[in-house]
Protein chains: 2
Amino acid sequence: MGLTKSQIFSDRQNELAQIFRVLAHPARIAILEYISEQKSCICKDIVSEVGLAQPTISQHLKELKSIGLIQGEIEGKKVCYCLNADKWKSVQEGLNDFFDQTSINCC
Amino acid sequence: MGLTKSQIFSDRQNELAQIFRVLAHPARIAILEYISEQKSCICKDIVSEVGLAQPTISQHLKELKSIGLIQGEIEGKKVCYCLNADKWKSVQEGLNDFFDQTSINCC
DNA sequence: TTTTAATATTGCAATATTACGATAATAAAT
DNA sequence: ATTTATTATCGTAATATTGCAATATTAAAA
């Protein structure tokens, strides 16, 4: 079918999966790495750096914004993207909680 | 198109994305959590616990196995699944490296 | 105010993923 | 040997994702 049955899972499970999903594309990894390396993080520069078409990058940026990992500040006709440090930290902590709580209790 | 252009990204970026992709489904989160909670972790039990059809669970288990997060031991006609503790730890460390290295250097 | 530059949105084609019925494979139980 | 139980695989339908050309939007520059 292709339709994830989200309703049978807990909110926490769906939220975790959603975070993983946003990170589950090499272009979005590359964008995050590039943004974090640069002082200036203009969309146009991301396009040339990553090597995908501008609408494609814009779409990936939208997904990263959807969970708050990055934020875009409008500066004239440019948009300056940067990481959201607080969200970045809290996502990392959330994932660590998942890894820690899913302890080993093997057969 | 629907075809990720993996060749324009680094191995590391593709590998990270691949790990995130495998974790990016609530059923697989639920399976990992359930396996870790149980002493015995037979496929049939996962099917009743998670609430998806047996072929669907089998497919999800295959994906989790593909990156080594779980392993299945054949016991007669049953298969006993458990977490791979070493891989679990190394994946967690790899993701933490990514989060730490992607430092904040904002505009 | 027209042009130019930067970014977002829309529409669409192609591939990927999800889910499950049907069926195969395997091994224990009868 | 046949049946039963457990898991894996195949085939297929439906939804999701990826990527980009075309176009819209917005604001600076000329």
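Hi everyone, let's start with one contact: the side chain of R21(B) has an N or O atom 3.4 Å from a phosphate oxygen of DNA strand C. Before I go on, please keep in mind that this is a predicted model.

Staying with chain B and strand C, two more residues are worth finding on your screens. E63(B) places a polar side-chain atom 3.4 Å from a phosphate oxygen of DNA strand C. Q59(B) reaches a base instead: one of its polar side-chain atoms lies 3.4 Å from a base nitrogen of that strand, DNA strand C.

Which elements give two or more residues to the surface near DNA strand C? From chain A, they are helix 3 (43–50), helix 4 and strand 2 (78–83), and from chain B, helix 4. In total, 31 residues surround DNA strand C, and the closest are M1(A), G2(A), K5(A), Y81(A) and M1(B). If we sort the residues of this surface, we get 12 nonpolar, 10 polar and nine charged. And on the DNA side, sugar or phosphate holds 62% of the strand C atoms within 4 Å of the protein, while the rest belong to bases.

Now let's turn to the other strand. DNA strand D has 31 residues around it, of which M1(A), M1(B), G2(B), K5(B) and Y81(B) come nearest. Of the strand D atoms that come within 4 Å of the protein, 62% are accounted for by sugar and phosphate.

Which side chains meet phosphate oxygens here? Three to look at are K5(B), with an N or O atom at 2.5 Å from a phosphate oxygen of DNA strand D, H25(A), with such an atom at 3.3 Å, and R28(A), with a polar side-chain atom at 3.3 Å. At least two residues each of the surface near DNA strand D come from helix 4 (54–66) of chain A, and from helix 3 (43–50), helix 4 (54–66) and strand 2 (78–83) of chain B. By class, that surface has 12 nonpolar, 10 polar and nine charged residues.

Finally, how do the two protein chains relate? Chain A superposes on chain B, with an RMSD of 0.0 Å, after a rotation of 180 degrees and 0.0 Å of shift along the axis. That is the relation of a two-fold axis. To find the axis, look for F20(A): its C-alpha, at 2.5 Å, comes closest to the axis among the residues of chain A. As for the interface, 100% of the interface residues of chain A are also interface residues in chain B, so the copies meet through the same surface.

Thanks for listening!

Definitions and conventions: Residues numbered from 1 in each chain as written. Chains lettered and ligands numbered in written order. Predicted model: local features only at pLDDT ≥ 70, side-chain atom pairs only at ≥ 80, totals over all residues. Heavy atoms only, no water. Near = heavy atom within 4 Å. Polar contact = N/O pair within 3.5 Å; in protein donor to acceptor, adjacent residues only side chain to side chain. Helix = DSSP H or I, 4+ residues; strand = E, 2+ residues; numbered from the N terminus. Nonpolar A, V, L, I, M, F, W, Y, C, P; charged D, E, K, R; others polar. Least-squares fit on C-alpha atoms with pLDDT ≥ 70 in both. Contact = heavy atoms within 4.5 Å.
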